[in-house]
Amino acid sequence: MAISGKKTFAQVQAELLALPLGEYLVSYIVSIIQQCDTLPKKSVDSFVAAIYDKDDGESLYDLNKLWVDLNYQRKLKLKHLLNNLKSHKGFSKEKAGHIDIAIRPNGKAFDWDGFRRAVMAMLCGMDKIAVSIYKHKRSRSNVDCRQYEAELFLARNAKNETMGANEIFFARYAKGEEEAEKMNTVLSRANINVCGLKPGGKNMGGFAFVEKSLGYHERMDVEIVNKHISDDDFVFASHLIQSAWPKDPSIGAYLVSGLANTRNILRSDSDSDYDDTDVEEAITTYASNHSQKDLSKNRVSNKPLQSVTYNILKYAMKLNGKSKKLSGLNSDEIDIIEDNE
């Protein structure tokens with residue numbers, strides 16, 4: 001397969017990650033990858049295609065007619081995909097096995113498990129791939145089909161250690177889980193973009209910590225969920241950080257959680273008369289000469305929320321001695337923080 005390199009690897013990866021949520025032909029995704037200038041014809045020609053024998057008894061499907069729904073599928077990580085092809089010198093049908101597709105009532109076939117394998121197969125010049133086919137009930141709407149496919153995808157992949165907490169949340173949301181929908185509402189209010197759900201919003205690392213702090217993580221039926229920060233406090237903290245550090249492309253998970261906790265503590269403290277305006281002024285003033293990380297880098301490992309709260313109270317709010325009492329840290333834990341300064 002001849003490939004015309006027109007874009008750098010970074011440009012292609014950025015384009016793949018920036019694809020709006022929606023339904024795409026797999027061939028369209030492949031066409032983006034084919035523009036990568038670090039994927040010359042010589043490399044692609046070395047990728048060996050799998051040959052399926054008609055007597056093998058495999059159910060084959062035309063790759064050019066295969067769709068992927070990015071409303072629940074993870075975005076492609078191009079480097080990992082290309083390294084996989086290089087290490088295996090192409091596509092191995094034995095190692096790949098079959099992919100799973102679901103036929104919706106509108107006739108479109110969606111690759112709900114095996115998206116990356118389908119892309120690799122097409123990069124190797126293949127036009128068909130072995131599949132296991134599931135047909136949706138004709139009574140299902142397109143949204144119903146998507147939610148069921150997301151449920152299948154989550155059941156198959158959620159326990160895979162390479163699937164991040166944000167990706168599991170994304171699939172849970174697509175499936176229609178109530179707690180994931182609540183989490184997405186908070187993220188949207190906070191102008192935070194996770195897996196493309198809030199285009200134009202700020203990125204945020206440390207998703208698992210925030211999800212658990214808000215109490216919307218995946219849990220067992222018997223698990224007692226403690227909501228460590230409120231939705232409103234989180235939204236307030238997120239907007240304040242984005243206003244104080246407007247040029248930063250992302251916000252820190254520990255900082256936004258710690259600031260949300262700080263707002264709650266000051267509001268609840270009977271000896272404090274600090275209001276939102278005081279917090280906003282203190283953080284904005286602090287941000288003029290400091291980075292976000294200055295408030296979150298020194299932490300006690302088992303008390304990150306309280307640690308960042310202490311840093312905010314002492315160094316941004318200037319509460320000094322009162323910071324210890326309000327933060328929830330003991331003297332030894334504060335010594336650990338201050339020894340790291």
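**Figure 1. The K303–E333 salt bridge, with E333 buried.** E333 has a relative accessibility of 11% and therefore counts as buried (under 20% relative accessible area; exposed is over 50%, partly exposed in between; 1.4 Å probe, protein chains only). This is a predicted model, in which local features need pLDDT of at least 70 and side-chain atom pairs count only at pLDDT 80 or more, while totals for chains, interfaces and linings use all residues. Residues are numbered from 1 along each chain as its sequence is written, and side-chain values use heavy atoms, with hydrogens and water left out. E333 forms a salt bridge with K303, the closest N and O atoms being 3.2 Å apart (a side-chain nitrogen of Lys or Arg within 4 Å of a carboxyl oxygen of Asp or Glu). The pair links distant parts of the chain, 30 residues apart: K303 is in the loop between helix 14 (293–296) and helix 15 (304–316), and E333 is in helix 17 (residues 331–339). Helices are DSSP runs (H or I, at least four residues), numbered from the N terminus. K303 is partly exposed, at 22% relative accessible area.

**Figure 2. The D271–K325 salt bridge.** The N to O distance between these side chains is 3.8 Å. D271 lies in the loop between helix 12 (253–268) and helix 13, whereas K325, 54 residues apart from D271, belongs to helix 16 (residues 321–327). Both residues are exposed.

**Figure 3. The K182–E179 salt bridge within helix 9.** The closest N and O atoms of K182 and E179 are 3.7 Å apart. Both residues lie in helix 9 (residues 178–189), three residues apart, about one turn of the helix. K182 is partly exposed at 35%, as is E179 at 21%.

Note on methods
Helix = DSSP H or I, 4+ residues; strand = E, 2+ residues; numbered from the N terminus.
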